[in-house]
Structure formats: structure tokens, C-alpha cells
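Got the viewer open? Let's walk through this one stop at a time, with something to select at each step.

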Number of protein chains: 2
Amino acid sequence: MQTENKPLILICNDDGYDSNGLSYLIDFVRDLGEVVVVAPSGPRSGASMSITSRTHIECSLVKEESHLHIYKCSGTPVDCIKMGLEVILDRVPDLVLSGINHGDNSSVNTYYSGTMGIVLEACMKRLPAVGFSSCHYSTSSPMDNLREYVRKIVRYVLSEGLPMYTCLNVNFPTNDPIKGVKWCRMGHGEWVNEWEHQIHPRGWEYYWLTGEYESQEPGAAGTDTTGLSEGYVTITPTRLDLTDYSYLERMRDLEF
Amino acid sequence: MQTENKPLILICNDDGYDSNGLSYLIDFVRDLGEVVVVAPSGPRSGASMSITSRTHIECSLVKEESHLHIYKCSGTPVDCIKMGLEVILDRVPDLVLSGINHGDNSSVNTYYSGTMGIVLEACMKRLPAVGFSSCHYSTSSPMDNLREYVRKIVRYVLSEGLPMYTCLNVNFPTNDPIKGVKWCRMGHGEWVNEWEHQIHPRGWEYYWLTGEYESQEPGAAGTDTTGLSEGYVTITPTRLDLTDYSYLERMRDLEF
């Protein structure tokens, strides 16, 4: 299916195979390589790195053009990349991309994000991977102004690679024009006021998960949260190792 | 609902409110505090930090005893802790526990794990949190030999706390007797041979997600993978910050 002389780019997302942000990402990069898309059959926001263990998975080709194949998959975003890597592709991809997500995946949103779940899965498999997310939540927001940023970052990673176990989390601000690009650390924060209580017409009670993001270090220099609020594209280098080495060093001799 | 003089312990899990491992955990710690359990209504293995954004959530009290309340919740493991913290508890818990999971959550399994999703969510909200998992995959495996390890770790964290943004990932080996406890880093690895192709009686094709874990650094000293294989309880201090600081330092001046 793939030609050997162009870089092979696997694209996944969490908003679904027919999402607006995915169409933009395909359009931005399709002349840079052979593109294969494996995306969920519908929206899977907040899927994190969840995998499907108790339901079967189906996958089918929905579009085939020159240097572009698009598959849809019934599973989670991480199921999609696993399906792409093991079942669909006949060689190891040169790059894995995810997005462009409709919604901010900076700061702790990384943890809940299906977009970044895909990127972490690729990183675990020692493949260079980049996640792209826009802070516009509208699923129909235009993204033409992101084209050159996406292309520069993709070209850089195709040519220079990334360190093993490091991937990139790229977030785009809502302003246009964009002020530039900042390399950032992950800001600390949390979601608050997360539940809305409602009552069904027949009287039973239920909840919707909602809420607002609250920074735990508002205005702190160097975070992705601050960079985005100042109008910059933020690139957060993200490491596939959750170990707290300094605490480990302190505790190593504590016996239980 | 809670009495003020005992530590308040919130317990969640991903195997469901009626799971064997949860019953053991409650039994091991219930004399150490006021215990409130918020657990999924059924099994949610591999839920990672997924949250429910497009379905309503229901929650109900299923058991009420002296110093013990158990609620079941229709959502994901992370929905359960969010529901516990904001809707069910009337004060901030002194400790969040998760488990005891039926299955290994060491190494990169941390990322897919609902058990550790709960712990990371607590850590994000700056609460001390510990996840417990057993490498026995059987949902009926006896766990009495884990009692003293769980109690020592819980007592330690109740008395000493944990650094902000650090939580613990505790995994138990399958051997009995256990050799002791080791503080470890997260080993690197990945799942391979992940898809089993099958054909429905009516002819359509589908897949089950399965596979085997493969270490990327077999036998490496100091990893949780190695510690477990040698018969030790492993404690992996886990940090709520995915930033790759060394790469960030190198890239800070690269302009796009």
C-alpha cells in the first residue's frame, strides 16, 4: 500500500475520522509523505490512553487516494494507533501525528486527552510523535493560520527526530495572527466545579461532567498555560517516564 | 456523614464496587480511618484517565456501615474520584487509595491503568494517593498475604504525607511469601502482538485487543519490572509532570 521512497506518516485523532481538525492536518502534511489515517468512527474526547478490553473492534477503509488512505475504527484513540501499527501498515512509520484536536490539551489536560494518548502510545513504541491541539473548542473553527506552524514542526521532526521516550505536545492559541512559538513546561492545574446535577423528567437524579480549568500557578513564566494566554503556539516536550527520581533517591533506603 | 476525628480515606478502583481486590483493601484499612468508597458499577480495566463527556452519570449508595460507606457510579474510574471529591464527601480526604487491582500496573501499564488514573487525578488535586495492584490476574485470588504491606504503606503516608505532585504506584508479586519491598523506577516496555483477528459466524471480520508485555530493558536493575520478577513488592514514586526538562533546555532557543 505504501511507496518506499516517501516518509510514512501515520495520523490518528480522537475527534473522529470525519472531523474538521483531522482534514486540516491531512491537508497540511500530505505532500510531505505517504499518509495513512486511522481514526475513531466517532468523537472520543477525554479518552486518555484508554484501551478496549471487553468489546470487539472493527476497522474499515473509508477513503483511498494517491498517497492517502483513511481508515475508521470502532475503538478508542489508542486502539486506533495500535491497529494502525500492527494491522494496517506494512512498515514502521517515520512519524506519528495526532489531531488537530478541537480543544486545549495543554497542562494537565494532557492526561485526559485522547490526542496525547495516541502520542504517548507512539512514544512508548519508540516512534517520533507530535500531538496538535487548538484552543478553539468549536468543531468548525477555521485553521488555515496553523498551516505553516504545523509544517515547520513536522519537517523539523522528520529531519531531526526526537530523543527516545520524548514526544511533543503542540497547542495553538485562539488569537490570529499568532505571536510566535514558545517551548514550555507543563503547567500545573486542575478542573473545578466539575459536576452539574440534573433531574430526569421522571424524577431520577443524574450528573453531567463539566467544570472549569483552574491554574495552580497563574501567570507563572515558562508554562504552556501562560504561553497560550499570551498568544503563542506552545510546544511542551513530553517524557514517557512518570518516575519521580528525586523522591526515589530519598526513599530508596526506607524499609517497610 | 464523616466523623471529624478519624482520617478520611477515599477508596476508588477500576474493577468495580463488588470486586474481590476492593473488599480486601477495605478490610485492610477500615480501622485506620473513616472509609468512603466510590467505585464503578462494573469492570473498567484499561480505562486510563478517561472521563465521560457525552453520557450522563448516575451514582448511588449501596452499603452503609459504621465508618464505611460504599457508592457505585456509572462512570469511569476517574469519574468516580471526581464524584467522590466534589459531590459525596463533605470534607477533603486525608488520603486517596485505589485498588487492589487484579493485574499488574507496573511499567508502562501505569498509562493504561484506571487504578493509576485515579491516583494521578488525586495527585493533580494535591492529595496524597497510593495505587495498589496485584500481578495475579485472577479476580478471585486470595490477598491475605498483602495485608501488612498495605497497612505499613498506608500508615506511612497518613503520617508522613507525600511531596506535592508525587503519588505512589505499588505492585505486588505473585509469589508467597513475598521477599520484601523495593523502591523502583518505572521500567520501559511495550505491548506486542496486540490484535487477534476473528471472523463472526455471518462472515464479517473483527479484532480483539490482546498481546504480551515486552520489556525494552530486560533485567535492568532498579526497575519495577525487575523488582516484581525477583519477588519483591515494588513502590514506584510517580510524578505528576510529563515535561522533559532536559530536552526543553536544549530546545528553548530554537525558533520556528
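Which residues of α4(A) are buried? Before you click, keep in mind that this is a predicted model. Now select α4(A): the buried residues are Gly114(A), Thr115(A), Met116(A), Gly117(A), Ile118(A), Val119(A), Leu120(A), Glu121(A), Ala122(A), Cys123(A) and Met124(A). In other words, eleven of the eleven residues in α4(A) are buried, so the helix counts as mostly covered, given that a residue is called buried when 20 or more other C-beta atoms lie within 10 Å of its own. Step past the end of α4(A) and you come to Arg126(A), which has a positive phi, near 60°.

**Stop 1: the two chains together**

Color by chain and look at where A meets B. The contact draws on 58 residues from chain A and 58 residues from chain B. On the side of chain A that touches chain B, the elements that each supply at least two residues are α2 (77-88), α3 (109-112), α4 (114-124), α5 (147-160), β8 (181-183), β11 (205-209), β13 (233-239) and α7 (245-251). The largest share comes from α2(A), with five residues. Sort that side of chain A by class and you get 30 nonpolar, 14 polar and 14 charged residues.

Now try superposing the chains. Chain A lands on chain B after a rotation of 180° with 0.0 Å of shift along the axis, and the RMSD is 0.0 Å. That is how a two-fold axis relates two copies. Of the interface residues of chain A, 100% are also interface residues in chain B, so the copies meet through the same surface.

**Stop 2: the sheet in chain A**

Hide chain B and show strands. Chain A has an open sheet of nine strands with mixed pairing, in the order β3-β4-β2-β1-β5-β6-β7-β13-β8. At the edges stand β3 (59-65) and β8 of chain A; each has a single partner strand, so one side of each has no neighbour in the sheet. On average, neighbouring strands here are turned by 20° against each other, direction ignored.

Zoom in on β1 (residues 8-12) of chain A, which pairs with β5(A) in the parallel sense over four bridges. Pick Ile11(A) and look across: its bridge partner in β5(A) is Leu97(A). Next, add helix α1 (residues 20-29) of chain A, which packs on the sheet and touches β1, β2 (34-40), β4 (68-73), β5 and β6 (129-134) of chain A. The direction of α1(A) makes about 140° with that of β5(A).

Stay on β5 (residues 95-102) of chain A and select Ile100(A), which lies in this strand. A cis peptide bond joins Gly99(A) to Ile100(A), with omega about -5°.

**Stop 3: over to chain B**

Swap chains and go to Ile100(B), which sits in β5 of chain B. The bond between Gly99(B) and Ile100(B) is a cis peptide too, with omega about -10°.

Select β1 (residues 8-12) and β2 (residues 34-40) of chain B next. These strands run parallel and are joined by four bridges. Ile11(B) stands opposite Val37(B) in β2(B). Then bring in helix α4 (residues 114-124) of chain B: it packs on the sheet, touching β1, β5 (95-102), β6 (129-134) and β7 (166-172) of chain B, and its direction makes about 170° with that of β6(B). Helix α5 (residues 147-160) of chain B packs on the sheet as well, touching β5, β6, β7, β8 and β13 (233-239) of chain B.

**Stop 4: a helix pair**

Show α2 (residues 77-88) alongside α4 in chain B. How do two packed helices get described? By the angle between their axes and the distance between the axes. Here the axes of α2(B) and α4(B) come within 8 Å and cross at roughly 35°. The crossing is right-handed. Turn on side chains: Pro77(B), Val78(B), Ile81(B) and Lys82(B) in α2(B) meet Gly114(B), Gly117(B), Ile118(B), Glu121(B) and Ala122(B) in α4(B). By class, that contact has five nonpolar, two polar and two charged residues.

**Last stop: two loops**

Select His67(B), in the loop between β3 and β4 (68-73) of chain B. Its phi is near 60°, a positive value in a residue other than glycine. His67(B) has 14 C-beta neighbours inside 10 Å and counts as partly exposed.

Finish at Arg126(B), in the loop between α4 and β6 of chain B. Arg126(B) has a positive phi of about 60° although it is not a glycine, and with 15 C-beta neighbours inside 10 Å it counts as partly exposed.

Key. Residues are numbered from 1 along each chain as its sequence is written. Chains are lettered from A and ligands numbered from 1 in the order in which they are written. This is a predicted model: local features need pLDDT of at least 70, side-chain atom pairs count only at pLDDT 80 or more; totals for chains, interfaces and linings use all residues. Two residues are in contact if their C-beta atoms, placed from the backbone, lie within 7 Å. Ala, Val, Leu, Ile, Met, Phe, Trp, Tyr, Cys and Pro count as nonpolar, Asp, Glu, Lys and Arg as charged, and the others, Gly among them, as polar. Two strands pair if DSSP finds at least two bridges between them. Axes are lines fitted to C-alpha atoms, for helices over the stretch in contact, and angles run from 0 to 180 degrees between N-to-C directions. A crossing is left-handed if the near helix is turned anticlockwise from the far one by less than a right angle, and right-handed if clockwise. A residue is buried if 20 or more other C-beta atoms lie within 10 Å of its own, exposed if 12 or fewer, and partly exposed in between; C-beta atoms are placed from the backbone. Copies are superposed by least squares on the C-alpha atoms of residues with pLDDT of at least 70 in both.
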